[in-house]
Amino acid sequence: MLVIIVGSLADVKALSLDAGVLSAYYHAGIVVHRGFSRMYTRQSRWYISALTGALVLIGLYSASLYNYLLFHSLAEIFSVVVAFGIFIIAWNSRRFLDNSYLLFLGVAFLFTGLLDLLHTLAYPGMGVFPEHGTNTAAQLWVSARYLQSLSLLIAPLLIGHRLRARFLFIGYGLVCAFLIAAIFYWNIFPVCFVEGTGLTMFKKVSEYIISFILIGAIFTMFRKRRYFDVVVLRLLFAAIIVTIASELSFTLYESPFGFPNLLGHFLKIAAFYLIYKAIIETGLIKPYDLLFRDLKQREEQYRDLYEEAPDAYLSVGKDGRIKRVNRSATELLGYSREELVGLPVADLYTETPSGKATAEGVFKRFLSGEEIRDQELEVRRADGSSVWVSLSVRPIRDKEGRVVASRSIMVNITEQKKLDQLKDDFIGLVSHELRSPMTVITGAINTALTEAERLSPEETRQLLKDAAAESESLSNLLANLLELSRVQAQRLVLYSEAISVKKTIQEAVDKIKRQYSAHKFVINLPRRLPPVYADPLRLERILYNLLENAVKYSPPGEKVRVSAKPQGEQLVIGVSDQGIGISPADQAKLFGPFQRLEKRPSGVRGVGLGLMVCRRLVEAHGGHIWVESEPGHGSTFFFTMPLSQTGDK
Ligand code: ADP
């Protein structure tokens, strides 16, 4: 006996005080003080529990010596209290449970407890039902055990199903009423005990049948073991095994006051103690263990989903202070969790008057119960820097409908904001870039027309040359814009064929020469150059953009060199200048959309589109583009194009 109790006490674990368990205590209505629980070491609690257990057993044994009826009543009342306790827990948590295992067991135990209570009251000597004797008590006992064992057998099969609590209650009530009527009024329940002869065959066989049903219950539970917390499962197994032992010892008794009956009742106490440990104690202290592992896992999954969500989650109280945050929120805002919890949320909003006003407006709307979607706000991080977020807020209400807290999501939109800004600048730049060549062109043509008589043929040619050069740069800008729009709309189609690189390079250089005559252009190619498989107009576009940059970002008179050499299945083409160069930090962002670097010679025109278009076109050909540069000494842009397999040109 003692061994069983000691064994079951050994699992009394030191209270682990992580947040989940604490909230579990909180839900169970148990307030735990950290210091207090630490005072109790595992060891001292073990001794105290073992000692209490031993004292209770000795006390019960002494009671049995003094008055067997007292012992019997205490033993039965203990099991009745446990049974009712299980019912109370199961009934009150039924709304939170996805499956009916616990509810079913709870209702079953309520009615088992009721039969056990009647059994206690009907026990010979109690005098509650004077005209009924040992037989009635034994009949009530047997019916209670049938009900209990069959319920234990069926319960695991209900995991994953939902039963209606009311129907379950009515069903058990009817079965129980039928049994009571059969025993007390109709006298149709088989006789269990005959005064003078002892237990009937029915009673003995019943105890064996009940034992078999309980073995079956172990099997059904074992088959569903993955749904149980391992500690709860072990305790329930132990409880069933002890119940079987108890049943077997009851087959042996001759009189309701003999030793087998005493032993049977001790074992019943032990069995119910184990059930108490499994369901009541776990239910109150670690509800997540009891409500089955899948629920615990799901709760962990949800916690994980909240905690590890890629966007920042936070909850703000109606006092305006932050109550809860996830990891992304700490990362986004740059504060530790401890710093964030309790912080007035207003502290997060940047001090610009408009930012504060927007934030205050959002907070007021939240307090009035409004749901806020995708509000753009600038937020200040712990280090003083700021980020743009898109904030969505949902007010959480209490039962009376009052707003108590918020659930908020912040999505970092800083990059998007930057891009939006770049796009706005870009549109401004483009219209400016379109207008200035047009001014030159119309000016030149007008002058040529109106001053025709006064101008020398040489001067007229110069004016028209200027106009032609400007038209070239205009058409180049338009071509780049067209490529950009194709790329954005994912409508970039290449017309690739085997082409001579030499010819394309020559054409691009000729074109650039017409516009920029102050530079020297050098083409360095091996004598035999295999053809590439590319879209000729696109290849020319890439070369033109790179050549134009080389000219724009190097002083007049300097050399611009184009070279090419095969490497594996690719041709590597390079365009070098001896210009201002690009710092390593800038090299990384160069190929992004609308990027223009800070250090640009004044007066150099451009909209930050050329390199982005180059990159998209090169990548569309399956190649890649990169830059090697030393600030102050010039840059070389390299890109690869696939060599043509046919080799026919
Ligand atoms: P842009 O129209 O401004 O020339 P690009 O996309 O062609 O746009 O180039 C982006 C930026 O990269 C330029 O604004 C310039 O700062 C830098 N850049 C490009 N080519 C060179 C080069 N050859 N030497 C130095 N800087 C360059």
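This passage goes through the overall makeup of a predicted model, then one of its sheets with the helices around that sheet, and finally its cavities.

To start with the big picture, the protein comes out with 22 helices and 14 strands. Of its 649 residues, 47% count as buried. Contacts reach well along the chain too: taking those between residues at least 6 apart in sequence, 68% join residues at least 24 apart.

Now for the sheet. Five strands make up an open sheet in the order E9-E11-E12-E14-E13, and the pairing is mixed. The edges go to strand E9 (520-524) and strand E13 (625-630); each of these has a single partner strand, so one side of each is left without a neighbour in the sheet. Going from one strand to the next, the twist averages 15 degrees. Within this sheet, strand E12 (residues 570-576) pairs with strand E14 (residues 634-642) in the antiparallel sense, and seven bridges hold the count for that pair. As for who faces whom, Ser576 stands opposite Thr636 in E14.

Two helices come into the picture here. Helix H20, covering residues 536-552, packs on the sheet and touches E9, strand E11 (559-567), E12 and E14. Set against E14, the direction of H20 makes an angle of about 175 degrees. Helix H22 (residues 610-620), for its part, lies across E13 and E14, and its run is at about 25 degrees to E14. E14 thus turns up in several places: as a partner of E12, in the list of strands touched by H20, and under the description of H22.

That leaves the empty space inside. Four cavities of 30 Å³ or more are found in the structure, and the largest cavity has a volume of about 80 Å³. Its lining is made of 12 residues, and the closest to the centre are His119, Tyr123, Ala138, Tyr253 and Asn261. Looking at which elements supply that lining, helix H7 (134-154) and helix H11 (259-285) are the ones that give two or more residues. H7 gives the most, with four residues. In terms of character, the lining of the largest cavity splits into seven nonpolar residues, four polar and one charged.

Conventions
Residues numbered from 1 in each chain as written. Predicted model: local features only at pLDDT ≥ 70, side-chain atom pairs only at ≥ 80, totals over all residues. Heavy atoms only, no water. Pairing = 2+ DSSP bridges. Axes fitted to C-alpha atoms, helices over the stretch in contact; angles between N-to-C directions. Contact = heavy atoms within 4.5 Å. 1 Å grid on protein atoms, 1.4 Å probe; cavity = no way out; pocket = protein on both sides within 12 Å on 5 of 7 lines; lining within 4 Å. Points joined across faces, edges and corners; volume = space filled by probe spheres on them. Nonpolar A, V, L, I, M, F, W, Y, C, P; charged D, E, K, R; others polar. Buried < 20%, exposed > 50% of the residue type's maximum accessible area, 1.4 Å probe, protein only.
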